[in-house]
Amino acid sequence: MIVFLEGILEEALPTQAVVNVGGVGYHILIPLSSYEKLPRSGEKVKILTHLVVREDAHVLYGFSSEEERDLFRLLLHHVSGVGPKIALSVISGMPVHLFKSSVVAGDIAVLSKISGLGKKTAERIVLELKDKVGIAAEWEATSAANAPSPKDQAMHDAVLALISLGYKQVEAHKAIKQATTGKETPLAADDLIRLALKILA
């Protein structure tokens, strides 16, 4: 099992990266949240990985944190019908702590807004993860301590609003990030949406 790669970042796109490790280029599929934390091409990088072996291919998935990789594995191994593609969409769609608090609260409406998820899959995720002994209890205990800041919540709400207006997840994340750049005072979700719409226009 390949658990991490450390080398030079050759190429990075919102959904994938190529890392040069000792002269060998490894192609890795990544969530948006990990893409945003990558250094510039040509710089040293360390990416945590999970290898999925299929009949026709060996596919590497990469993450910027243990928290993201743990959630990816949890979704793959404990939720029926959820494959790597949906698991990556979940991690791209919202921060891990927000996802956990949504599952604990049984908030289907928020989860089903994640691109590529849908209501039925969101319901299955909540049902099956809540059924796992200890998972919901542990998340409930930590969700209060790790409650999202008003800034994080506003950014998340604004991204979901843009997606519901028909924008792609990558575009929405990019526009909201651009809208918050250089702003010392946290903006409300409505203000972020207005700024983002101007950027996207």
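**Exercise 1. Helix H2**

Which residues of H2 are buried? Find them in the predicted model, and then check whether the length of the helix agrees with its number of residues.

*Solution.* Begin with burial: in H2, the residues Glu 68, Arg 69, Leu 71, Phe 72, Leu 74 and Leu 75 are buried. To understand the spacing of such a list, recall that an α-helix has 3.6 residues a turn, so residues three or four places apart point the same way. Next, turn to the length. Helix H2 covers residues 66–78, which makes 13 residues, and at 1.5 Å a residue these should span 18 Å. The end C-alpha atoms of H2 are 18 Å apart, which agrees with that expectation.

**Exercise 2. Two residues in helices, one in a loop**

Decide whether Thr 121, Ser 102 and Asp 107 are buried or partly exposed, using the cut-off that buried means under 20% relative accessible area, and describe where these residues lie.

*Solution.* Take Thr 121 to start with, which has its place in helix H6, residues 119–131. Its relative accessibility is 11%, and therefore Thr 121 counts as buried. Not counting residues up to four places away in sequence, Thr 121 touches Val 82 and Ile 86.

Ser 102 lies in helix H4, which runs over residues 96–105. Because its relative accessibility is 9%, Ser 102 counts as buried. When neighbours within four places in sequence are left aside, Ser 102 is in contact with Met 94, Asp 107, Val 110 and Leu 111.

Asp 107, one of these contacts of Ser 102, belongs to the loop between H4 and helix H5 (108–111). With a relative accessible area of 30%, Asp 107 is partly exposed. To place Asp 107 with respect to H2, use Glu 68: the two residues are 39 residues apart along the chain, and their C-alpha atoms are separated by 20 Å.

**Exercise 3. Helix H9 and what follows**

Describe the length and the buried residues of H9, and then follow the chain to Ala 188.

*Solution.* H9 has 12 residues and reaches 17 Å from its first C-alpha to its last, which is close to the 16 Å expected at 1.5 Å a residue. The buried residues of H9 are Gln 169, Ala 172, His 173, Ala 175, Ile 176, Ala 179 and Thr 180. After H9 comes Gly 182, whose phi is positive, near 80 degrees. Ala 188 is found in the loop between helix H9 (169–180) and helix H10 (189–200). Its relative accessible area is 42%, so Ala 188 is partly exposed. Finally, Ala 188 and Ser 89 are 99 residues apart along the chain, with their C-alpha atoms separated by 25 Å.

**Exercise 4. Two pockets**

Set out the volume and the lining of the largest pocket and of the second largest pocket.

*Solution.* The largest pocket has a volume of about 530 Å³. Its lining is made of 21 residues, and those nearest its centre are Ser 33, Glu 36, Lys 37, Pro 95 and His 173. Two or more residues of this lining come from each of H2, helix H3 (84–93), H4, helix H8 (150–164) and H9, and the largest share, 4 residues, comes from H8. By kind, the lining divides into 7 nonpolar, 8 polar and 6 charged residues.

The second largest pocket has a volume of about 360 Å³. It is lined by 17 residues, of which Thr 15, Lys 85, Leu 88, Ser 89 and Ser 92 lie nearest its centre. H3 and H9 are the elements that give two or more residues to this lining, and H3 gives the most, with 5 residues. Here the residues divide into 9 nonpolar, 6 polar and 2 charged.

**Exercise 5. The nonpolar cores**

Which residues touch the most other members in the largest nonpolar core, and which elements supply at least two residues of this core?

*Solution.* A general tendency is a useful start: in soluble globular proteins, nonpolar side chains tend to be buried together. The largest nonpolar core holds 28 residues, and Leu 71, Leu 75, Phe 99, Leu 111, Leu 117, Ile 125 and Leu 129 touch the most other members. Strand E5 (58–63), H2, H3, H4, H5 and H6 each supply at least two residues of this core, and H3 gives the most, with 5 residues.

Now look at Ile 125 more closely. Leaving aside neighbours within four places in sequence, Ile 125 is in contact with Leu 75, Val 79, Val 82, Val 90, Phe 99, Val 103, Leu 117 and Lys 130. A second, separate core has 13 residues, including Val 159, Ile 163, Ala 179 and Ala 196.

Terms used
Residues numbered from 1 in each chain as written. Predicted model: local features only at pLDDT ≥ 70, side-chain atom pairs only at ≥ 80, totals over all residues. Heavy atoms only, no water. Buried < 20%, exposed > 50% of the residue type's maximum accessible area, 1.4 Å probe, protein only. Contact = heavy atoms within 4.5 Å. Expected span 1.5 Å × (residues − 1). 1 Å grid on protein atoms, 1.4 Å probe; cavity = no way out; pocket = protein on both sides within 12 Å on 5 of 7 lines; lining within 4 Å. Points joined across faces, edges and corners; volume = space filled by probe spheres on them. Nonpolar A, V, L, I, M, F, W, Y, C, P; charged D, E, K, R; others polar. Core = buried A, V, L, I, M, F, W, Y, C linked by side-chain atoms within 4.5 Å.
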